[in-house]
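Q: Please take a close look at one part of this model, how it is built and what surrounds it. Then set it against the rest of the chain.

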Amino acid sequence: MKQVLSPVIVKPFWELTRCGLWEQTPDPALFQHLDESNWDQLIRLIDKQTVTGICFTAMQRLPMNYRPTRAVYLEWYTRVLLIMQQHWRLLDTCHRLTPAFEAEGIHPILLKGIGIASCYPDPSLRMTGDIDFYIPDHFQAAVDMIKHQGVEVIYQKGHEKYNFNATCIELHTNPIQLPARMTKANICPWIGTTTLHKHGHDYRIPDADTNAALLLTHPFKHLFSWGVGVRHLCDWVMFLHQYHEHINLPKVMDYLKKVHMESFTSVFTTIAMKRLGLESAIAHPWITLPNFHGVRRLEEDMLHTGDIGNEIMAYSQVLEASSTSRKHSFRLIGLYRQLLARLLRLQTVSPYYARRCFLVKIEQITCKLIKGDA
């Protein structure tokens with residue numbers, strides 16, 4: 001699962017992402033020797049990290065002779081247009097759903113996605129795949145309302161999911177999730193809201209404290225499932241840049257320490273400062289445990305897994321498949337070793353959860369072997 005990318009690709013990638021966030025001009029020296037093959041690898045990495053629109057605007061600021069070929073440029077531009085169209089479709093869906101919920105006395109809170117996109121210079125360039133609503137009260141009434149409209153609702157761990165207006169909608173009972181079973185000891189004791197005014201509409205979104213916890217716990221949970229992507233990091237950078245003065249830092253940090261996330265928070269924010277230009281004065285209060293090895297490990301894992309974590313998902317499908325063939329058994333053993341090796345590497349990022357997930361995975365593998373599925 002571990003893959004080392006060439007600095008010829010990695011350095012331009014970080015430069016385009018950073019400059020796209022801050023509307024700056026990239027250093028042309030990083031792009032002068034890129035050939036067509038290099039650009040192809042770079043764009044695949046950009047797509048994998050779902051920062052396609054952000055990087056495109058930075059690339060446009062390069063001198064003409066440092067840009068990719070016209071064919072590559074046009075293909076990239078087409079994907080950016082699709083991202084922008086998706087953004088406006090999601091906004092339209094929110095415009096239609098929110099009043100429908102409120103007419104039934106249900107007041108949804110918009111999570112991540114569109115709300116965080118408003119922190120970006122151009123919100124429509126932040127790739128958003130679905131709409132997440134937190135339903136603090138009358139959750140079952142919200143689900144029943146959807147079912148009464150003849151829409152199929154699919155239960156997934158931690159939320160209900162359905163499709164509306166060609167958009168995936170997720171309804172959550174708790175906005176802050178951890179890579180462990182939620183208990184009274186680790187559930188967040190405060191969930192606050194505020195109002196976002198956007199295009200003539202008002203939306204309820206998490207307040208600064210809740211969003212800070214959400215934007216850290218969400219990628220943290222992904223780290224121990226599909227993997228963290230650079231888009232998660234971009235969200236954290238843009239949010240902190242805009243709202244750092246509104247966050248009750250001691251309150252949020254107390255919760256993060258309580259759930260064993262202080263190491264991850266330090267590493268994640270260090271990368272945000274080092275790679276994406278988050279101001280040091282804003283970043284340093286969150287960096288309570290400097291961790292050079294953790295920064296290197298998380299960077300490597302982030303660049304490899306990407307925002308969606310398709311590769312780890314593909315591995316999971318193989319692990320869940322049932323077969324008695326010797327070839328399948330050998331492949332399973334190889335994948336088990338890779339998954340466990342990844343968790344061992346992540347101990348430098350989050351010792352508590354990496355060890356916990358390692359033991360859980362060992363138990364799952366042992367049970368599978370005993371049953372004869374491997």
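A: Helix α7 covers residues 208-223, and at 1.5 Å a residue its 16 residues should span 22 Å; the C-alpha atoms at its ends are 23 Å apart, which agrees. This is a predicted model. Of the 16 residues of α7, 14 are buried, so the helix is mostly covered.

Helix α2 can be checked in the same manner. The 13 residues of α2 (residues 36-48) should span 18 Å at 1.5 Å a residue, and the distance between its end C-alpha atoms is 18 Å, in agreement. The buried residues of α2 are Asn-38, Trp-39, Leu-42, Ile-43, Leu-45 and Ile-46. Viewed down the axis of α2, these buried residues fall within an arc of 155°, so they line one face of the helix. An α-helix has 3.6 residues a turn, so residues three or four places apart point the same way. The partners of this buried set lie in four other helices: α1 (7-22), α3 (52-59), α4 (70-103) and α12 (292-305).

The two ends of α2 have their own details. At its start, a side-chain oxygen of Asp-35 comes to within 3.1 Å of the backbone nitrogen of Ser-37. Just after α2 comes Thr-50, with a positive phi of about 50°. Thr-50 has this positive phi although it is not a glycine. Thr-50 belongs to the loop between α2 and α3, and with a relative accessible area of 6% it is buried. Another non-glycine residue with a positive phi is His-260, at about 65°. His-260 sits in the loop between α9 (249-258) and α10 (262-276). With a relative accessible area of 35%, His-260 is partly exposed.

Beyond the α2-α3 loop, Thr-52 is part of helix α3. Its relative accessibility is 3%, so Thr-52 counts as buried. Neighbours within four places in sequence aside, Thr-52 contacts Ile-46, Asp-47, Trp-76, Arg-79, Val-80, Ile-83 and Met-127. One of these partners, Ile-46, is among the buried residues of α2.

Trp-76 also appears in the account of the nonpolar interior. The largest nonpolar core contains 81 residues, and Trp-14, Trp-76, Trp-236 and Trp-286 are those with the most contacts inside it. Residues up to four places away in sequence aside, Trp-14 touches Val-230, Leu-233, Ile-271, Arg-275, Leu-276, Met-302 and Leu-303. Apart from that core lies another, of 23 residues, including Leu-97, Ile-114, Val-153 and Tyr-203. In soluble globular proteins, nonpolar side chains tend to be buried together.

Two loop residues can be set beside these helices. Asn-174 is in the loop between β5 (167-172) and β6 (193-198), and its relative accessible area of 11% makes Asn-174 buried. A polar atom of the Asn-174 side chain lies 3.0 Å from the backbone nitrogen of Ile-176. Leaving out neighbours within four places in sequence, Asn-174 contacts Tyr-134, Met-182 and Ile-187. The other residue, His-138, is in the loop between β2 (130-134) and α6 (139-148). His-138 has a relative accessible area of 52% and is exposed. Its contacts, not counting residues up to four places away in sequence, are with Gly-105 and Ile-106. The C-alpha atom of His-138 is 9.8 Å from that of Thr-173, although the two residues are 35 apart along the chain.

For the chain as a whole, the model has 15 helices and seven strands. Of its 374 residues, 49% are buried. Contacts between residues at least 6 apart in sequence join residues at least 24 apart in 72% of cases. The exposed area is about 17700 Å², of which carbon and sulfur atoms supply 53%.

Note on methods. Residues are numbered from 1 along each chain as its sequence is written. This is a predicted model: local features need pLDDT of at least 70, side-chain atom pairs count only at pLDDT 80 or more; totals for chains, interfaces and linings use all residues. Side-chain values use heavy atoms; hydrogens and water are left out. Buried means under 20% relative accessible area, exposed over 50%, partly exposed in between (1.4 Å probe, protein chains only). Contact means heavy atoms within 4.5 Å. Accessible areas come from the Shrake-Rupley method with a 1.4 Å probe; for residues, only the protein chains shown count as cover. The expected span of a helix is 1.5 Å times one less than its number of residues. The arc is that of the directions from the helix axis to the C-beta atoms. A polar contact is a pair of N or O atoms within 3.5 Å; within protein, one must be able to donate a hydrogen and the other to accept it, and residues adjacent in sequence count only if both atoms are side-chain atoms. A nonpolar core is a set of buried Ala, Val, Leu, Ile, Met, Phe, Trp, Tyr and Cys residues joined through side-chain atoms within 4.5 Å.
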